[in-house]
Amino acid sequence: NKEKQKMPSTILYGHPVSQPSRSCQWFVDFSDQKVEIVTIDTFKAEHKKPEFIEKFPNGQFPALEDGGFYLSESMAILKYLARSDPRFTPKDSQQQARLDEYLGRHYSTLRKISTDFFRPFMLGNKDMIEPGYESIKTILEKFDARLATQPYVLGDSLTLADFLFVPEVDQLQVVGEQYLEPFKNIRSYLGRLTRDVDGYKKCFDEMTQAVGVIQAAHRRRQQQQQQQ
C-alpha cells in the first residue's frame with residue numbers, strides 16, 4: 001500500500017488551540033497513522049518564518065508535509081489522510097454527498113463558535129462573550145436537535161464531520177459549563193466521545209492546557225502595557 005509506505009515521512013504542523021489543527025490531530029490519533037505532530041510556537045510566529053512560508057505560502061496551520069508534498073486547509077488534510085482508512089470512505093454517492101454538504105457549510109456555521117464566542121474569551125474581551133454566545137445559540141440548537149435522534153453528526157457512524165464539529169463545540173465548556181448546559185444532547189455526545197473514541201480526550205486536554213498558557217501570557221502583556 002503506497003499510502004502506508006509514505007506515512008512515516010508525514011508531518012502535521014498545528015497548535016492545540018487551533019480548532020482545525022485539533023480536528024486533524026485527533027483524526028491522526030484515532031486512525032493510528034504514522035504522522036509526526038509538530039506544535040507551532042505561536043509566540044515565536046514559527047508559521048511566518050521563511051522556511052515555513054516556502055512550503056506553505058499562506059503561513060497558516062494546520063499544514064501537512066508528506067515527503068515533498070505540501071498541503072494546507074483542514075478539510076483537504078482530513079480528506080487526504082482519510083484515504084488510507086477505509087472506515088472513512090463513504091460507501092455510496094449519497095453518503096459522500098451528505099458529507100460534502102456538511103463540509104461545505106462548516107465554515108459558515110460552526111466556525112462562528114470560534115470567531116464570535118471563543119476568540120473574545122481568549123483575548124479577554126469579556127463584553128463580547130455574551131453577544132457572541134447569542135449569535136451561535138440557533139446553530140447549537142439545530143445540532144442539539146439532530147443529536148437527539150442519532151449518535152453522530154451525520155447518522156449512525158463517526159465521519160469526518162464529527163472530527164470538524166467537535167473541536168468547535170467543546171470550547172463552550174472551557175469558557176464555562178453554563179454555556180453548554182442547555183444542550184443536553186451535545187453534552188451526551190461529547191461524553192460518549194470522551195469515553196469511547198480514541199484520541200479525543202488527549203486532544204481536548206492539550207487544548208485546555210494551551211489555553212491557560214496563552215491567557216497567562218496575554219494577561220502579562222496587558223499588565224506590562226498598563227505599567228508603561
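1. In this predicted model, strand 1 (residues 10-14) and strand 2 (residues 35-39) are paired in the parallel sense, and five bridges connect the two strands. One of the pairings can be followed at the level of residues, since Thr10 has Val35 of strand 2 as its bridge partner.

2. Strand 1 is also mostly covered, with five of its five residues buried. Side chains in a regular strand alternate between the two faces of the sheet. In strand 1, Thr10, Leu12 and Gly14 point one way, while Ile11 and Tyr13 point the other way, and the residues of both sets are buried.

3. A separate pairing involves strand 3 (residues 63-66) and strand 4 (residues 69-72), which run antiparallel and are joined by four bridges. Within this pair, Glu65 of strand 3 lies opposite Tyr70 of strand 4. The two strands form a hairpin with two residues between them, and there Gly67 adopts a positive phi near 65°.

4. Turning to the helices, a packed pair is described by the angle between the two axes together with the distance between them. For helix 2 (residues 19-31) and helix 8 (residues 160-169), the packing angle is about 130° and the axes are 8 Å apart. Because angles over 145 degrees would be needed for a roughly antiparallel arrangement and 65 to 115 for a roughly perpendicular one, helix 2 is described as oblique to helix 8. The crossing of these two helices is right-handed.

5. On the side of helix 2, the contact with helix 8 is made by Gln19, Arg22, Ser23, Trp26, Phe27 and Phe30, and on the side of helix 8 by Leu160, Asp162, Phe163, Leu164, Val166, Pro167 and Glu168. Sorted by character, the residues of this contact comprise eight nonpolar, two polar and three charged.

6. Helix 2 also packs with helix 4 (residues 74-82), where the axes come within 9 Å and cross at roughly 10°. Since an angle under 35 degrees counts as roughly parallel, helix 2 is roughly parallel to helix 4. Helix 2 contributes Pro20, Ser23, Cys24, Phe27 and Val28 to this contact, and helix 4 contributes Ser74, Ile77, Leu78, Leu81 and Ala82. The residues here divide into eight nonpolar and two polar, with no charged residue.

7. Two residues of helix 2 deserve a separate mention: Ser23 and Phe27 are listed in the contact with helix 8, and Ser23 and Phe27 are likewise listed in the contact with helix 4.

Conventions. Residues numbered from 1 in each chain as written. Predicted model: local features only at pLDDT ≥ 70, side-chain atom pairs only at ≥ 80, totals over all residues. Heavy atoms only, no water. Axes fitted to C-alpha atoms, helices over the stretch in contact; angles between N-to-C directions. Left-handed = near helix turned anticlockwise from the far one by under 90°. Contact = heavy atoms within 4.5 Å. Nonpolar A, V, L, I, M, F, W, Y, C, P; charged D, E, K, R; others polar. Pairing = 2+ DSSP bridges. Buried < 20%, exposed > 50% of the residue type's maximum accessible area, 1.4 Å probe, protein only.
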